[in-house]
Amino acid sequence: MSQASIALLLPGQGSQFVGMGKGLAQLEPEVKALYEEADDILGVPLSRICWDGPDDDLTRTENAQPAILLHSFAVWSMLPEEVRASATVAAGHSLGEFTAYLTSGALAFDDALRLVRRRGELMAASGRERPGTMAAVIGLDPSTVQAICDGVSAGTVVPANYNAPGQIVISGDVAAVERAAADSLEAGAKRALPLNVSGAFHSPLMETARDGLREALRGVEIGSPAFPVVANTSATQVTDGESARELLVRQLTSPVRWVECVGVMSELRPNLWLELGPGRVLSGLLRRIDRTQTAHAAADMQEIRDFAEALENG
């Protein structure tokens, strides 16, 4: 086990589901206490929202973000110490980047929870102030999607998530995204799917949220992570708190370069990949990016035990 090298994948918004973390908390008093602590820190019944919904409450940006971070961190906390000690690199998709800094010890639990709650509030407010949307374009290369976005005159639209080869999410003003989606289909895209989101995330439309997030980040201590965190915005390994602080602000209006992030992680040659928390979105993206790699996903105690056993068996 001492030779193991684990790459952590931390999911972002959209992976939430009603009931997330409930079974884990019922089995583990430590997890139940963690959820109760989160309720106290935020002053909202986050545990009830996670476990019982309703779905409309859970999917609200200001609730979904701390809910996902909390579930991922609860799973991390339940991993055996020798497993956690084998983590050598982490990356999180959008919101998940905050979870990556939490698991690495760079952020304290209460600070991370408050930050993502505030981030969600700011992003939701930006969405109300300047309504926008997002769409997934399937089957085109990055340069083609960029050219299509550049050619739209109906407003702002940009590539927002480079999720996998042939899977790019665009983001911006509603009319501009609709025009770019139509143009993508004309250019040969297999599909252009509207996403059910409350704003144009990772686009210039989120600029009104930047000052608020910068102020929130200024008020917390960010230490050096115990292992490198690969940043969405730069696709580089971050090893100091000040770089993390600036990149987390830039991330609001910059694309998630997930394909490049996975490439940087792969350069460190991890033995195993582990997605922590709700869903298996990042496990699926890893497979699309690199067919030679497979990620384990852990969201409950059985999956935690299965992963520990896989690590033990090499």
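Buried means under 20% relative accessible area, exposed means over 50%, and partly exposed covers the values in between, with a 1.4 Å probe and protein chains only. The exercises below concern a predicted model, in which local features need pLDDT of at least 70 and side-chain atom pairs count only at pLDDT 80 or more, while totals for chains, interfaces and linings use all residues. Residues are numbered from 1 along each chain as its sequence is written, and side-chain values use heavy atoms, with hydrogens and water left out.

**Exercise 1. Salt bridges**

Task: Find which residue forms a salt bridge with aspartate 52, and classify the accessibility of both partners.

Solution:
- Step 1. The criterion is a side-chain nitrogen of Lys or Arg within 4 Å of a carboxyl oxygen of Asp or Glu, and a search of the whole structure returns 14 salt bridges.
- Step 2. The partner of aspartate 52 is lysine 22, with 3.2 Å between the closest N and O atoms.
- Step 3. Helices (H or I, at least four residues) and strands (E, at least two) are DSSP runs numbered from the N terminus; aspartate 52 belongs to helix α3 (residues 46–52) and lysine 22 to helix α1 (residues 22–27), so the pair ties together parts that are 30 residues apart in sequence.
- Step 4. Lysine 22 counts as partly exposed because its relative accessibility is 30%, and aspartate 52, at 48%, also counts as partly exposed.

**Exercise 2. A salt bridge within one helix**

Task: Locate the salt bridge between aspartate 211 and arginine 214, and determine whether each residue is exposed or partly exposed.

Solution:
- Step 1. The two side chains meet at 3.5 Å, N to O.
- Step 2. Both residues lie in helix α11, where a separation of three residues is about one turn of the helix.
- Step 3. Aspartate 211 is exposed, since its relative accessible area is 55%, whereas arginine 214, at 26%, is partly exposed.

**Exercise 3. Aromatic pairs**

Task: Characterise the geometry of the pair formed by phenylalanine 73 and phenylalanine 109, and then that of tryptophan 76 and phenylalanine 227.

Solution:
- Step 1. Rings of Phe, Tyr and Trp (its six-membered ring) pair if their centres lie within 6.5 Å, and planes under 30 degrees apart count as stacked, over 60 as edge-to-face and the rest as tilted; the whole structure yields three such pairs.
- Step 2. Phenylalanine 73 and phenylalanine 109 are stacked, at 5.4 Å centre to centre with 20° between the planes.
- Step 3. Phenylalanine 73 lies in helix α5 (residues 61–78) and phenylalanine 109 in helix α8 (residues 109–129), so this contact ties together parts that are 36 residues apart in sequence, and both residues are buried.
- Step 4. Tryptophan 76 and phenylalanine 227 are edge-to-face, at 6.3 Å centre to centre with 65° between the planes.
- Step 5. Tryptophan 76 is in helix α5 and phenylalanine 227 is in the loop between α11 (207–218) and β7 (229–230), 151 residues apart; tryptophan 76 is buried at 7%, as is phenylalanine 227 at 6%.

**Exercise 4. Strand β1**

Task: Establish which strands pair with β1, and how its residues are placed.

Solution:
- Step 1. Two strands pair if DSSP finds at least two bridges between them; β1 pairs in the parallel sense with β2 (residues 87–92) over five bridges, and with β9 (residues 272–276) over four bridges, again parallel.
- Step 2. Leucine 8 stands opposite alanine 90 in β2, and alanine 7 has tryptophan 273 in β9 as its bridge partner.
- Step 3. Ile6, Leu8 and Leu10 point one way from β1, while Ala7 and Leu9 point the other way.
- Step 4. Five of the five residues of β1 (residues 6–10) are buried, so the strand is largely enclosed by the rest of the structure.
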